[in-house]
Amino acid sequence: MNEIGPLKIILCKNKEAVFLLLEIKIKIIPKIIMHKKIMYICIMSNSKLYKGSLNTIILKLLNENDKMYGYEITQKVKALTQGELNITEGALYPALHKLEAEGLLDVEVAKVDNRLRKYYKLTESGTKETVNKLEELAEYIKTMQALVNPKLA
Amino acid sequence: MKLTKEEIQFIDNYLVKNEVKFWDVRLELLDHIVSAIEDKIGNEGVSFNEALLEVHKGFGNQFIEYGISKKDIFKKGLYQSNFGFKKFTRKKQKELGRKYRKQNWKNVKNLFINPKFLLEYLVFIGLFLTLYKFLPKYIFLSGLMVLMIPTFISIYYSIRDKSTWKSLSFAMVLSSGMLWWTLYNLGFYIMKYYYGSLEEMPQMILVIIPCIFYPFLRGSIKVYKQVYINNKFNYNLKIQN
């Protein structure tokens, strides 16, 4: 804990910080909040950096796996990034539904273990878009590399 | 560990209680929740109740435990807020609306390069011009009936097949079809306001409006049928394993 003037600053590294304020647990989206002259700062998670690449991640995974269902995608991403990137349900499904609406994904439903499962797979235009998106991402990484670490670029 | 039929049924009921009323939204949520719970029980060793509560929160459903005794946490926690599920449905609804509008527009463009439709369109215009000349007092009612065709078709399908009930995709495709009827009504009321009464309104307007909307209407009927065929194909399933 650091002290700057009259304010106490508490740094919290949790992605979704849970502070105990006035004995009530309040779930707070990472941001700066003030309470009784205490500034609570929760360091922003890196999820915002990944957000812009979510569609590319989904398209790439489907390109490699033929067809996948929602939960499988979240687990695959978690495993591939060794837990670093955790796609939430609230981010995954709107992205899947958007890609479906754009005609990049197709849907297949199958009965598995007493329930219906919705699989997503790439359409022809989805496969083409994956190539474009990956090229875009590679270009972005190259540009960022040049900015952040010119020696490696 | 695989969940039992009763546990899956419990989750389905829990979703219904949380106002996830559309079956096509529920089935996707159900599969995700069941998969997540099976995974949590198997890998983290938590109980069914703990896993469900955790997944419930994971969807963005707020839960404040303050003031709730430990034995009531599961029961109260599940139904305290359904904000996450509402957001999920709203976003899906938005995307479906976009998808059907796009499909509708594509269908309209395709209709104008279809000689069969062009002939049908000419007959339609001819029919309305004939009505205008010989039976002008029926023109408003005829236009209204034409613009209500998507509604009649949806009623026919909902009587024929229960799967169209409480389905978000059908609700959205129907609302995109009803858009023409709404626009017709709106246009009519603007004209009525401008001219004062129906009698004073130039009857030709009542010919032009249905003729303009007709291709869009045909496009939306086609989308409705496409959604019906796709849903039948996707959900009329045989057990895989």
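Analyst: A helix here is a DSSP run of H or I with at least four residues, and a strand is a run of E with at least two. By that count, chain B holds ten helices and zero strands. Bear in mind that this is a predicted model.

User: What does the order of elements in chain B look like from the N terminus on?

Analyst: Pretty uniform reading: α-α-α-α-α-α-α-α-α-α.

User: What makes chain B more spread out than a compact globule?

Analyst: Set the value against the rule. The globule rule is 2.2 Å times the number of residues to the power 0.38, which gives 18 Å for 241 residues. The radius of gyration of chain B is 25 Å, well over that, so chain B is more spread out than a compact globule. The box around its C-alpha atoms, taken along the principal axes, is roughly 80 × 45 × 30 Å.

User: How many of the 241 residues in chain B are buried, and what does the word take?

Analyst: A residue is buried if 20 or more other C-beta atoms lie within 10 Å of its own. In chain B, 28% of the 241 residues pass that test.

User: What share of the contacts in chain B comes from residues 24 or more positions apart?

Analyst: Among contacts with a separation of 6 or more, 71% join residues 24 or more positions apart.

User: Which domains is chain B divided into, and how far apart are their centres?

Analyst: Domain 1 covers 5-81 and domain 2 covers 93-235. Their centres, taken over C-alpha atoms, are separated by 42 Å. Five residues of domain 1 and four residues of domain 2 make up the contact between them. On the domain 1 side, three residues are nonpolar, none is polar and two are charged.

User: How many residues do chain A and chain B put into their contact?

Analyst: Chain B brings 31 residues and chain A brings 24. On chain B, helices H1 (5-17), H2 (23-44), H5 (83-111) and H10 (203-235) each supply at least two residues to the side touching chain A. H5(B) gives the most, with nine residues. By class, that side of chain B splits into twelve nonpolar, eight polar and eleven charged residues.

User: Over to chain A. How do you know that S8(A) and S9(A) pair?

Analyst: Two strands pair if DSSP finds at least two bridges between them. S8 (residues 105-112) and S9 (residues 115-122) of chain A run antiparallel over eight bridges, so they qualify under the two-bridge rule. Leu105(A), for instance, stands opposite Leu122(A) in S9(A). In this hairpin two residues lie between the strands, and Asp113(A) takes a positive phi near 45 degrees.

User: And what joins S7(A) to S9(A)?

Analyst: Three bridges, again antiparallel. Lys67(A) stands opposite Lys121(A) in S9(A).

User: Why are S7 and S8 of chain A called edge strands?

Analyst: The open sheet has three strands in the order S7-S9-S8 (chain A), with antiparallel pairing. S7 (67-69) and S8 of chain A each pair on one side only, and that's what earns the name. The twist from one strand to the next averages 35 degrees. Helix H2 (residues 54-65) of chain A packs on this sheet, touching S7 and S9 of chain A, and its direction makes about 100 degrees with that of S9(A).

User: What makes the phi of Asp66(A) worth a remark?

Analyst: Most residues other than glycine have a negative phi. Asp66(A) isn't a glycine, yet its phi is positive, about 65 degrees. Asp66(A) lies in the loop between H2 and S7 of chain A.

User: Is Asp66(A) buried or exposed, and how do you know?

Analyst: The cut-off for exposed is 12 or fewer C-beta atoms within 10 Å. Asp66(A) has 9, so it counts as exposed.

User: Why is Lys166(B) called partly exposed?

Analyst: Partly exposed is the range between the exposed limit of 12 and the buried limit of 20. Lys166(B) has 14 other C-beta atoms within 10 Å, so it falls in that range. Its place is the loop between helix H8 (149-160) and helix H9 (168-195) of chain B. Lys166(B) also has a positive phi, about 45 degrees, although it is not a glycine.

User: Where does Glu84(A) lie, and why does it count as exposed?

Analyst: Glu84(A) is in the loop between helix H3 (70-80) and helix H4 (89-101) of chain A. It has 10 C-beta neighbours inside 10 Å, and 12 or fewer makes a residue exposed. The C-alpha atoms of Glu84(A) and Val107(A), 23 residues apart along the chain, are separated by 28 Å.

Notes
Residues numbered from 1 in each chain as written. Chains lettered and ligands numbered in written order. Predicted model: local features only at pLDDT ≥ 70, side-chain atom pairs only at ≥ 80, totals over all residues. Contact = placed C-beta atoms within 7 Å. Nonpolar A, V, L, I, M, F, W, Y, C, P; charged D, E, K, R; others polar. Domains from an automatic or database assignment. Axes fitted to C-alpha atoms, helices over the stretch in contact; angles between N-to-C directions.
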